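Got your viewer open? Let's take a short walk through this one, one selection at a time.

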Amino acid sequence: MIFHVDANSFYASCEGLFRPDLRGKPIAVLSNNDGIIIALNAECKEAGFARGDAYYQKKDEMARSGVTVFSSNYTLYADISARLNMLYFRYTPDVEIYSIDESFLYFPSWDKKSLAETGSSLRERVGIEVGIPISVGIAPTKTLAKLCNKLAKKRGGVCAWAELDGDAELAHYPVGDLWGVGRSKTKLLARHGVDTALDLKRFPLHRAKECLSITGMRTVQELNEVPAIDRVERERHQNICSSKSFSRAVYDLDEIKTALSDYAQEAVKRMRAERSACRAVAVFLSTNPASETGEYYGNSATAELGEPTSFLPDIQGTALRLLEGIYRPGFRYRKVLINLIGLESEVRAQGELFVDDGTRQRNDALMTACDRINDRYGRGTIGPGSRRLVAATDRDGNRSAWVMKRDFLSPEYTTKLADVPRVR
DNA sequence: TCTGGGGTCCTAGGACCC
DNA sequence: TCTGGGGTCCTAGGACCC
């Protein structure tokens, strides 16, 4: 049996955790650059706000409704996520961490009663030890467990498939709300007369494969209680990408280069943390696609590296060269992205013939030293000489466009000594 | 002025292999 | 009337996820 465990309004719950003064009051968390609402608690939803709302449009209304607004604090959310999973591992060694706020827990099939009890106990323990509200869905397949979880949110936090009249529930469940059925599949299914989860459960397998491909067929199997979706348990990522929108339009190549250098350093740091090396680098540059003023321009370029590498100067140099190739003067650029592609184990990577191991070792030692300095004195303290063509703030202290806007950032309560809350 | 960031999987088609 | 059979690897683009 599978438990699907999901934290409710996770980012908003994390922010509320250290602010008991906000209990029962609306909370919203904003995206990078304080652009849109990406998480809101129940009180905030009740006040009429929704995920995806642009902050600058709702700002005044939110202030009137007494909403407390936070910028994204991923350091905090990642730490709380780790605490949740540590607790899940006490219940079963078999935990698949699916996202920052969702995990699948695998249990041997005990009798139904003790499973639902286990779900309630888990919820209670998490409430006491981590302080974040969670929901638990229990079913024989991942798709059904996720469905039960959605039902659980309205039914006391725990919902077991075995205790439901399955077909009756599926008949009320819109097919588009199922895991793995997005907008385009919903549209396509409607043409075949499939509107509810029950319709899809009864959809013939061979036809499902024809019109929905293998993934859609698996969804049909899972609705019929046949496990078909594998776990994703990967030692390392296949790609690592880093990107941020600028806080306003940027025209200047040097400014974009500075941002790209920063993202390259960030991506390489993450790659080195899992001891991987990449085979290729891709860069994407674009103006704001949503903008009604100004012409849209977006372009990307990819380059293979000589050998799989995690050496920042090589990766960054390649990225900057790619950027120069796709940059066109005169556009109002809003975003640049770097993607490290074809990741493999650094140890196993096939080396280039004429690069000697001494060079590799020196490069690695250099990168390790840089990582340590940046960990200790802050991101961007040291890096390749080509970065920081444009300073983070100008002479008057104005923030440069490539520096993220985060006006409502909460403290790093759990990961920075100076930010640990004081109690009396 | 201002609308997020980071991923995975699948498919089709081309290049190439013996 | 007729052109072999059976593969792998790679890439771009689409769909989907949180």
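Start by selecting Lys-185 together with DNA strand C: a backbone N or O atom of Lys-185 sits 2.9 Å from a phosphate oxygen of the strand. Keep in mind as you click around that this is a predicted model.

Next, add Gly-182, where a backbone N or O atom lies 3.2 Å from a phosphate oxygen of DNA strand C. Then pick Leu-178, which has a polar backbone atom 3.4 Å from a phosphate oxygen of that strand.

Now colour by secondary structure. Which elements give two or more residues to the surface near DNA strand C? They are β5 (95-99) and α8 (183-191). Of the elements, α8 gives the most, with 3 residues.

Time to widen the selection to everything surrounding the strand. You should pick up 14 residues, and the closest are Ser-99, Asp-101, Lys-146, Gly-180 and Lys-185. Colour this surface by residue class and you'll get 4 nonpolar, 4 polar and 6 charged residues.

Flip to the DNA side and show the atoms of strand C within 4 Å of the protein. Which part of the DNA do these atoms belong to, sugar or phosphate, or bases? The answer is sugar or phosphate, at 100%.

Finally, zoom out to chain A and colour it by domain: domain 1 covers 9-75, domain 2 covers 174-223 and domain 3 covers 239-377. If you put a marker at the C-alpha centres of domain 1 and domain 2, the two markers will be 34 Å apart.

How values were computed:
Residues are numbered from 1 along each chain as its sequence is written. Chains are lettered from A and ligands numbered from 1 in the order in which they are written. This is a predicted model: local features need pLDDT of at least 70, side-chain atom pairs count only at pLDDT 80 or more; totals for chains, interfaces and linings use all residues. Side-chain values use heavy atoms; hydrogens and water are left out. A residue is near a molecule or strand if one of its heavy atoms lies within 4 Å of it. A polar contact is a pair of N or O atoms within 3.5 Å; within protein, one must be able to donate a hydrogen and the other to accept it, and residues adjacent in sequence count only if both atoms are side-chain atoms. Helices (H or I, at least four residues) and strands (E, at least two) are DSSP runs, numbered from the N terminus. Ala, Val, Leu, Ile, Met, Phe, Trp, Tyr, Cys and Pro count as nonpolar, Asp, Glu, Lys and Arg as charged, and the others, Gly among them, as polar. Domain bounds come from an automatic or database domain assignment.
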